[in-house]
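Let's take a walk through this one together, starting with the ligands and finishing with the backbone. Keep the viewer open as you read.

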Amino acid sequence: MSNNITIVGLQWGDEGKGKLTDFYSENAAAIVRFQGGNNAGHTVIVNDKTYKFNIMPSGVLHGKLAVIGNGVVLNMSRLIEEITALRADFEITPKNLLVSENAALIIPGLHPEMDAIFEGASGKAAVGTTKRGIGPAYMDKIGRFAIKAGDLLFPDSLPEKVDRLLFLHNAIRRGCGEKEASASHILDYLNECGEALSPFIGNVGQRLYEIKKSGGRIIFEGAQGSMLDIDHGSFPMVTSSNTIAAQASIGTGVPPSEIGFVLGIVKAYTTRVGNGFFPTELNDEVGEYLGKAGSEIGVTTGRSRRCGWFDAPLAARSAYLSGVNGAVITKLDVLDELSEIKVCVGYEIDGEKVPFLFNAKDEAMSKVVPIYETLPGWKTSIKGMKNLADLPTNARRYLDFIEKHIGVRIIAVSTGPERSETIEISKPVLR
Ligand code: GDP
Ligand code: IMO
Ligand code: MG
C-alpha cells in the first residue's frame with residue numbers, strides 16, 4: 001500500500017493546504033505541486049516567520065525535494081522570484097528543486113494579458129480570476145500550442161514554437177483591438193529564464209518512481225479547491241485545472257495507486273474569492289466577523305474573501321470526489337467568539353429537499369436554500385491548542401457534528417496559522 005499523501009482543498013480554496021502540507025512534510029522525501037499555477041497562494045508560518053508561496057511547494061521549508069509537476073502551468077518569473085526570496089534562508093539547488101520538462105509555460109505579457117482581456121470583456125459573466133493567465137495557459141496546453149519547460153533545453157527550437165504560438169495569440173489580440181506581441185521579446189524572455197532554470201528542469205515521473213522504489217514518501221500538494229475543479233466544480237466560475245485528488249496522478253506521472261492517503265483540508269466555515277454561487281454566504285455582521293477574525297484576505301490578489309457558514313453537503317460531495325481518507329478541520333479558532341454556529345446540512349429548491357448536488361451549476365445552485373442546524377458556540381479561546389482533550393465540549397461537539405455530516409474521519413484540527421498550532425488525532429496512514 002502506498003504511504004504517499006495527497007492533500008486537497010474541499011471547498012473553494014484557501015482552506016489551509018499550505019500550512020498542512022508543511023506540517024506533514026517533515027518525514028517526506030518529496031513535495032509535489034500537480035496542478036494550477038501562481039493563482040495559488042499558500043501560507044506557512046514557522047517561528048513567527050511568514051512564507052507565502054504561489055508556485056513553490058510548501059514543504060520546501062523542510063529542505064525536502066520540491067517538485068513542480070507536468071500538470072502545473074508555470075510562470076518562470078514568479079518561480080525565480082520565489083527561489084531568490086527563499087535563498088535568504090535556504091539553499092535551493094537542483095538537488096532539492098525539480099521542474100517537470102512537461103510543465104506548460106505561462107508567458108508574461110501574453111497569458112496574463114489575455115486573461116485580463118477576457119475578464120474585462122465578460123461584464124457580469126466575469127469569473128473574477130486572479131488574472132495570472134491560468135485559463136489562457138491551459139487553453140494553449142490543450143490546444144497543443146503551449147511552450148513547455150523542457151523546450152528551453154533546446155533553444156534552437158524556440159523561434160518556430162514562438163511563431164506558432166503567436167499565430168494564435170496575435171490573431172486573438174488583433175480581434176480584440178490589442179497590439180500584437182513581439183516574437184523577439186518573448187524569445188529573449190524564454191532564453192533568459194532558460195538560462196536560470198535549465199539546471200532544475202528534468203523528468204519528474206522518473207524521479208518519483210525512484211523515490212517510490214527506495215521507500216520514500218511523496219506528498220502531493222493540491223492548489224485551489226474541489227469546487228473550483230474545471231470538470232466537477234461550479235463551472236464556469238472555476239479555475240482551469242482539475243483540482244481533485246485524481247489529478248495528482250495525471251499531473252505528475254505516477255499511477256493512481258500512488259495517490260496514497262487522500263487528506264481533505266476543510267475550513268470550519270466557508271470562504272470563496274471571485275464570483276459564483278455560495279449558498280451559505282453571510283452578508284451580515286457574522287460574515288464580517290468571520291472575515292475579520294479569520295483575516296480572510298486573498299494571498300495572491302489581496303481581495304477580501306466572501307465568508308459563510310460551513311456547508312456540509314458541499315464538503316461531503318468534495319470528499320467523495322477525491323476519495324478522502326481523512327480530513328483536517330482548519331481555523332476552528334476563528335469561531336471562538338460566536339455564541340451560536342450554524343451548519344448547512346442540506347438544501348431545498350422550491351420547497352423540495354435536494355440531498356446532494358452533483359451537478360453544481362450556477363443556474364440550479366442560485367435557487368438553493370440551505371437547511372441549517374444550529375449548534376452552541378464555546379465562547380472561549382482555543383487558539384494554539386495542541387490536545388484534543390483541551391478543547392471545550394462544544395468545540396468537540398461541533399467537530400463530531402461535522403465529521404458525521406461529511407462522512408470522513410477528522411485526523412487533525414488546526415487552531416492557529418503557525419505550524420505548531422495543530423491537534424493531531426491520528427496519523428495519515430492507509431489501513
Ligand atoms: P491555502 O491556499 O489552502 O494554502 O490557504 P491560504 O494560505 O491561502 O489561507 C489560509 C489562511 O489561514 C492563511 O493566512 C493561514 O496562515 C491561515 N490559517 C491556516 N490555518 C489556520 C488556523 O487554524 N487558524 C487561523 N486563525 N488561521 C489559519
Ligand atoms: P489556493 O491554492 C482561492 C479562484 C479565483 C477565481 C477562480 C478562477 O490558494 O487555494 P483563476 O485565476 O484560477 O483562473 O481564477 O478561481 N481561485 C482561487 N480561490 N484560492 C485559490 O488558490 C484560488 N485559485 C484560483 O479567485 O474565482
Ligand atoms: Mg490560498
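What follows goes through the two ligand sites and then a loop with some backbone oddities.

Before we zoom in, keep in mind that this is a predicted model.

Start with ligand 1. Its shell holds 19 residues, and if you look for the closest ones you'll land on Lys17, Gly41, Thr43, Asp333 and Ser414. Lys17 makes its polar contact through the backbone: a polar backbone atom there is 2.7 Å from an oxygen atom of ligand 1. Two side chains also reach oxygen atoms of this ligand. For Lys331, an N or O atom of the side chain is 2.9 Å from a ligand oxygen, and for Arg305 the corresponding distance is 3.2 Å. How much of ligand 1 does the protein cover? On its own the ligand has 580 Å² of accessible area, and the protein covers 92% of that.

Now zoom out a little. The space that ligand 1 takes up is the second largest pocket. Two elements give two or more residues to its shell, namely α1 (17-24) and β3 (42-46). As for the chemistry of the shell, count eight polar residues, seven charged and four nonpolar.

Next, move over to ligand 2, which sits in the largest pocket. Here 20 residues form the surroundings, with Asp14, Lys17, His42, Thr130 and Thr239 as the closest. You've met Lys17 already, as it is also listed among the closest residues to ligand 1. His42 uses its side chain, placing a polar atom 2.7 Å from an oxygen atom of ligand 2. The backbone joins in too: a polar backbone atom of Gln224 is 2.8 Å from a ligand oxygen, and one of Val273 is 3.0 Å from a ligand oxygen. The protein covers 97% of the 550 Å² of accessible area that ligand 2 has by itself.

What classes of residue make up the shell around ligand 2? Ten are polar, seven are nonpolar and three are charged. If you color by domain, you'll see that this shell takes at least three residues from domain 1 (105-197) and at least three from domain 2 (267-424).

Finally, follow Gln224 back along the chain. Gln224 is part of the loop between β10 and α8, and β10 covers 218-221 while α8 covers 247-250. Why give its backbone a second look? Most residues other than glycine have a negative phi, and most peptide bonds are trans. Gln224 isn't a glycine, yet its phi is positive, at about 60°. Keep going along that loop and you'll come to Pro236. The peptide bond from Phe235 to Pro236 is cis, with omega near 5°. So when you inspect this loop, remember that Gln224 also supplies the backbone atom 2.8 Å from an oxygen of ligand 2.

Note on methods:
Residues are numbered from 1 along each chain as its sequence is written. Chains are lettered from A and ligands numbered from 1 in the order in which they are written. This is a predicted model: local features need pLDDT of at least 70, side-chain atom pairs count only at pLDDT 80 or more; totals for chains, interfaces and linings use all residues. Side-chain values use heavy atoms; hydrogens and water are left out. A residue is near a molecule or strand if one of its heavy atoms lies within 4 Å of it. A polar contact is a pair of N or O atoms within 3.5 Å; within protein, one must be able to donate a hydrogen and the other to accept it, and residues adjacent in sequence count only if both atoms are side-chain atoms. Accessible areas come from the Shrake-Rupley method with a 1.4 Å probe; for residues, only the protein chains shown count as cover. On a 1 Å grid over the protein atoms alone, a cavity is a set of points where a 1.4 Å probe fits but cannot get out, and a pocket is an open set with protein on both sides within 12 Å along at least five of seven lines; lining residues have an atom within 4 Å of a point. A molecule sits in a cavity or pocket if more than half of its atoms lie within 2 Å of its grid points. Helices (H or I, at least four residues) and strands (E, at least two) are DSSP runs, numbered from the N terminus. Ala, Val, Leu, Ile, Met, Phe, Trp, Tyr, Cys and Pro count as nonpolar, Asp, Glu, Lys and Arg as charged, and the others, Gly among them, as polar. Domain bounds come from an automatic or database domain assignment.
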